[in-house]
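User: I would like a close look at one part of this model, namely a single helix and the elements packed around it. Please set that part in the context of the rest of the chain.

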Amino acid sequence: MKNIIFLMFVLAPFMLPGQVRVIATIPDYAALAKEIGGSRVNAESLIRGTQDPHYADALPSHIMRLNRADLLISTGLGLESGWLPALLNNARNRKIMPGSPGYMEAAHFVELKDVPQKIDRSMGDVHPGGNPHFYTSPPELFKIAGEIKNRLIQIDPEGRDHYEKRWKEFSAKFNSKMDEWQKKIEPFKGTKVVVYHESWVYLLDWLGFEKVAALEPKPGIPPSAGHVAGVLKEIENQNVKFLLQEIYHPTSLSRRFAKKAGVKLVVLPSMTGAEKNTDSVFDKFETIINKLTKGE
Ligand SMILES: [Zn+2]
């Protein structure tokens, strides 16, 4: 209890009275809520862009944040199923329970990929219902932004004009950036890559890149020596250019693999804040496009 009182004291000064309190699981949704909500919204994420969202810790401070939230934005599709349900139960906040306007699962608003014919959690596959990493793709993130705008209007109808105006500005800027990024990537279409974890399928499809193999034998299963040897053999003479991975996966094996395979290891920011200067969704995608076009 002492901890909770302490947290209320610590968190309270950051909120202005009357603001819509948005809690996002991953930082991208909080970044979008800030873009669209401006001064009417206080948005935070439960995890940082440097953390693996599949395996985040459930912290007491998360419960307090959820208890005070007006809108919870999660990914769904099992990405946060290891840690979010217990937090939600403990937060005792009807406004953000499933079925309320304050509960938003982004997976319901995008076009899902890697959806299996039948759900199979055998061998610890952490993507049993489809791939939850759609936030790596600009057009999918744009759809999520549109639904965040709808939810903010539903929860705070007095702010409708404010949200509509900011949405118009955001969508114009985002659409023109998407055109710009597509133009930059155009000469690189068809680039073949290997991925560490299956985080990139949405992004790669949008870029026109081709995924040849993954180092994890199944999503969430660490690469084994046998599997990696198989991938090395499989990609021989295929002119694969990159090995893509996230900051929270170990790089020792990736470096060895990249050297043996003659490919370049590129650590991309899958979420905002994963590295320096990626706090906005614009900067995140700018960084991704720069790294892939310059091969840095
Ligand atoms: Zn995953």
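Analyst: The model is a predicted one, and the part chosen here is helix H2, residues 27–37. All of its residues, 11 of the 11, are buried, so helix H2 is largely enclosed by the rest of the structure. The buried set runs from Pro27, Asp28 and Tyr29 through Ala30, Ala31, Leu32 and Ala33 to Lys34, Glu35, Ile36 and Gly37, and H2 is then followed by Gly38, which has a positive phi near 55°.

The cover over these buried residues includes three strands, S1 (20–24), S2 (41–45) and S3 (71–74), together with three helices, H5 (138–155), H6 (160–185) and H10 (281–294). The three helices deserve a description of their own, beginning with the pair H5 and H6.

The axes of H5 and H6 come within 10 Å and cross at roughly 175°; with an angle over 145 degrees counting as roughly antiparallel, the two helices are therefore roughly antiparallel to each other. From H5 the contact draws on Pro138, Pro139, Phe142, Ala145, Lys149, Leu152 and Ile153, which meet Arg160, Tyr163, Trp167, Phe170, Phe174, Met178 and Trp181 of H6. Sorted by class, this contact of H5 with H6 holds 12 nonpolar and two charged residues, with no polar ones.

Helix H5 also contains Arg151, a buried residue with 23 other C-beta atoms within 10 Å, where 20 or more are needed for a residue to count as buried. Once the neighbours within four places in sequence are left aside, Arg151 is in contact with Leu71, Pro101 and Met104. Of these partners, Pro101 is 50 residues away along the chain, yet the C-alpha atoms of Arg151 and Pro101 are separated by 6.5 Å.

Helix H6 packs against H10 as well, at an angle of about 10° and with the two axes 10 Å apart; as angles under 35 degrees count as roughly parallel, H6 and H10 are therefore roughly parallel to each other. Here Lys177, Trp181, Lys184 and Ile185 of H6 meet Phe282, Phe285, Ile289, Leu292 and Thr293 of H10, and by class the contact of H6 with H10 has six nonpolar, one polar and two charged residues. Trp181 is thus listed on the H6 side of the contact with H5 and again on the H6 side of the contact with H10.

The domain assignment places residues 2–177 in domain 1 and residues 182–294 in domain 2, and the C-alpha centres of the two domains lie 25 Å apart. Their contact takes 29 residues from domain 1 and 25 residues from domain 2, and H2 and H5 each supply at least two residues of the side of domain 1 that touches domain 2. By class, that side of domain 1 has 11 nonpolar, 10 polar and eight charged residues.

Elsewhere in the chain, four strands form an open sheet with parallel pairing, in the order S6-S5-S7-S8. Strand S6 (210–214) and strand S8 (264–267) are its edges, each with a single partner strand, so one side of each is left without a neighbour in the sheet. On average, neighbouring strands of this sheet are turned by 30° against each other, direction ignored. Strand S5, residues 192–195, is joined to S6 by four bridges, the two running parallel, and Lys192 stands opposite Glu210 in S6.

How values were computed: Residues numbered from 1 in each chain as written. Predicted model: local features only at pLDDT ≥ 70, side-chain atom pairs only at ≥ 80, totals over all residues. Pairing = 2+ DSSP bridges. Axes fitted to C-alpha atoms, helices over the stretch in contact; angles between N-to-C directions. Buried ≥ 20, exposed ≤ 12 C-beta atoms within 10 Å, placed from the backbone. Contact = placed C-beta atoms within 7 Å. Parallel < 35°, antiparallel > 145°, perpendicular 65-115°, else oblique. Nonpolar A, V, L, I, M, F, W, Y, C, P; charged D, E, K, R; others polar. Domains from an automatic or database assignment.
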